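Please open the model in your viewer and keep the selection panel at hand. The stops below are meant to be taken in order, each beginning with something to select.

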Amino acid sequence: MNQRSIDWWVGIFVLLGIVALAVLALRVGNLAGFTYGRGYVLHASFSNVGSLKTRSPVKIGGVTIGEVTDIQMNPKTFMAEVTMRISPRIRLPADTGASIYTAGLLGEQYISIQPGGMPQVLSPGATITMTQGAVNIDQLIGQMVFSKASGTSAGH
Amino acid sequence: MKEDFLVPRIGHAVRETVPRMGMAARFLVSSLTAPVRRDFSFRQWLRQIFGLGVLSLALMVVAAFFTGMVLGFQGYYALVRFGATSALGTLIALSLLRELGPVLTALLFAGRAGSALTAEIGSMKATEQLDAMEMMAVNPLAWVVAPRLWGGIFAVPILCTIFDLVGIFGGYLVSVPILGVDGGTFWAQMQANVSFHGDILNGLIKAACFGLVVTWIATWQGFSAHPTAEGVGSATTRSVVMASLAVLGLDFILTALLF
């Protein structure tokens, strides 16, 4: 095989590799989710973040509008401080609330935003004050079992 | 010589093995640094990428397709018991990107290309071509070994990327049209749980390490083979066996270090 056709084949081979990597990055990996990179930052503190992680989605009515970029514990208040990046197209009213929900019974956790009605909007870097932390399923089951047990003992 | 005693035998084995390891290490370093010393043929390198990479492509695509389809069936079989078939895409993608892609690519590469490398260099040695090069003041490490080593380091990650992609496509074909998993969930769960740096790039780093190790073992076995027909034959066998075991052992170490 002469050198020229080898050059061609190696070129095609390398191109195939680059295309495959690009498809993997965009279709399989979540590199496409980097579109929030130019978004603005909001903070919120929760009593319990459950299994929320960085890169967890932030949604309004099920539509993803941003992602969690950082989770820290505030050593003064002992609350979990969550930093999130929101798509720049979305302007949230000042009385907006945030809660942590689970997608399905065993799914991943995400932040759900409930927009308020005030005309003022949250500026970049502002903090959402009305928050509701993750529901602890263990605690719920414990409460249910306890109330059942006390209920039966009261019946006797 | 009293070869029957244990202690002299161990001593003999150590005296055989340790200098051989040293020579193999020196062999690797002086071949890898050939481009730095500007003693490197770019054309030979392209020729080796063609021989090692392009010609292995069809094998990789077929193997990846079947691997992905089996992963789809097997993952479904396990996940459907927990009602968690929505995680099938994640399972297929993570298995392929992190472990199966690099390891299977390297094993197939050792069988398809590594054996050929050993046989080729072994016959060069048996027919005294390597000696002839040295007589002409051509360094066989730079002219013969370096393009093959760099070709392997370059070709295996590309083969692995294509392996991953074709495997995921095979898994998709089994999961969504045949087993009836929801297509949107399949891709969305995959995208939510696969990270580009942690999974895709680390898999490719692994593949490059395997490419280096497999071509190193193959070229060294050929270079140090007994210059007879029998010697070349046994060196080829040893090359494939050692390269396969090295890939599996190194995979454990790299997984522990990288992930």
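What follows is a tour of a predicted model, going from chain A to the contact between the chains and then into chain B.

**Chain A and its sheet**

Begin by selecting chain A, where you will find two helices and eight strands, which follow one another from the N terminus as α-β-β-β-β-β-β-β-β-α. Chain A has 156 residues, of which 22% count as buried. Among the contacts in chain A with a separation of 6 or more, 61% are between residues that stand 24 or more positions apart.

Now show the strands alone and follow the open sheet of eight strands, whose order in chain A is S7-S1-S4-S3-S2-S6-S5-S8, with mixed pairing. At the edges stand strand S7 (127-128) and strand S8 (130-132) of chain A, each with a single partner strand, so one side of each is left without a neighbour in the sheet.

Next select residues 97-102 and 109-114 of chain A, which are strands S5 and S6; the two run antiparallel and are joined by six bridges. Which residue of S6(A) stands opposite Tyr101(A)? It is Tyr110(A).

**Where the chains meet**

Bring chain B back into view and select the contact between the chains, to which chain B gives 23 residues and chain A gives 19 residues. On the side of chain B that touches chain A, the elements giving two or more residues are helix H2 (42-52), helix H6 (140-178), helix H7 (183-193) and helix H8 (196-223) of chain B. H6(B) supplies the largest share of that side, six residues. If you colour the side of chain B that touches chain A by residue class, you should find 15 nonpolar, four polar and four charged residues.

**Two crossing helices in chain B**

Keep H6(B) and H8(B) and hide the rest: their axes come within 8 Å and cross at roughly 140°, and H6(B) passes H8(B) in a right-handed crossing. Residues to pick out in this contact include Gly152(B), Val156(B) and Cys160(B) of H6(B), and Ala207(B), Gly211(B) and Val214(B) of H8(B). By class, the contact of H6(B) with H8(B) is made up of 15 nonpolar, six polar and two charged residues.

**The nonpolar cores**

Which residues touch the most other members of the largest nonpolar core? Select Ala106(B), Val156(B), Leu159(B), Val214(B) and Val247(B), which do so within a core of 74 residues. Two or more residues of this core come from each of helix H1 (3-28) of chain A and, in chain B, H2, helix H3 (57-79), helix H4 (88-126), H6, H7, H8 and helix H9 (229-258). H6(B) gives the most to this core, with 20 residues.

Centre the view on Val214(B), which, leaving aside its neighbours within four places in sequence, is in contact with Ala106(B), Phe109(B), Ala110(B), Gly114(B), Gly152(B), Ala243(B) and Val247(B). A second, separate core has 19 residues, and Ala44(A), Val58(A), Ile100(A) and Ile128(A) are among them.

**A last stop at Gln129(B)**

Finish by selecting Gln129(B), which lies in helix H5 (residues 129-135) of chain B. Gln129(B) counts as partly exposed because 13 other C-beta atoms lie within 10 Å. From Gln129(B), draw a distance to Pro140(B): the two are eleven residues apart in sequence and 9.3 Å apart in space, taken from C-alpha to C-alpha.

Key. Residues are numbered from 1 along each chain as its sequence is written. Chains are lettered from A and ligands numbered from 1 in the order in which they are written. This is a predicted model: local features need pLDDT of at least 70, side-chain atom pairs count only at pLDDT 80 or more; totals for chains, interfaces and linings use all residues. Two residues are in contact if their C-beta atoms, placed from the backbone, lie within 7 Å. Helices (H or I, at least four residues) and strands (E, at least two) are DSSP runs, numbered from the N terminus. Ala, Val, Leu, Ile, Met, Phe, Trp, Tyr, Cys and Pro count as nonpolar, Asp, Glu, Lys and Arg as charged, and the others, Gly among them, as polar. Two strands pair if DSSP finds at least two bridges between them. A residue is buried if 20 or more other C-beta atoms lie within 10 Å of its own, exposed if 12 or fewer, and partly exposed in between; C-beta atoms are placed from the backbone. Axes are lines fitted to C-alpha atoms, for helices over the stretch in contact, and angles run from 0 to 180 degrees between N-to-C directions. A crossing is left-handed if the near helix is turned anticlockwise from the far one by less than a right angle, and right-handed if clockwise. A nonpolar core is a set of buried Ala, Val, Leu, Ile, Met, Phe, Trp, Tyr and Cys residues joined through C-beta atoms within 7 Å.
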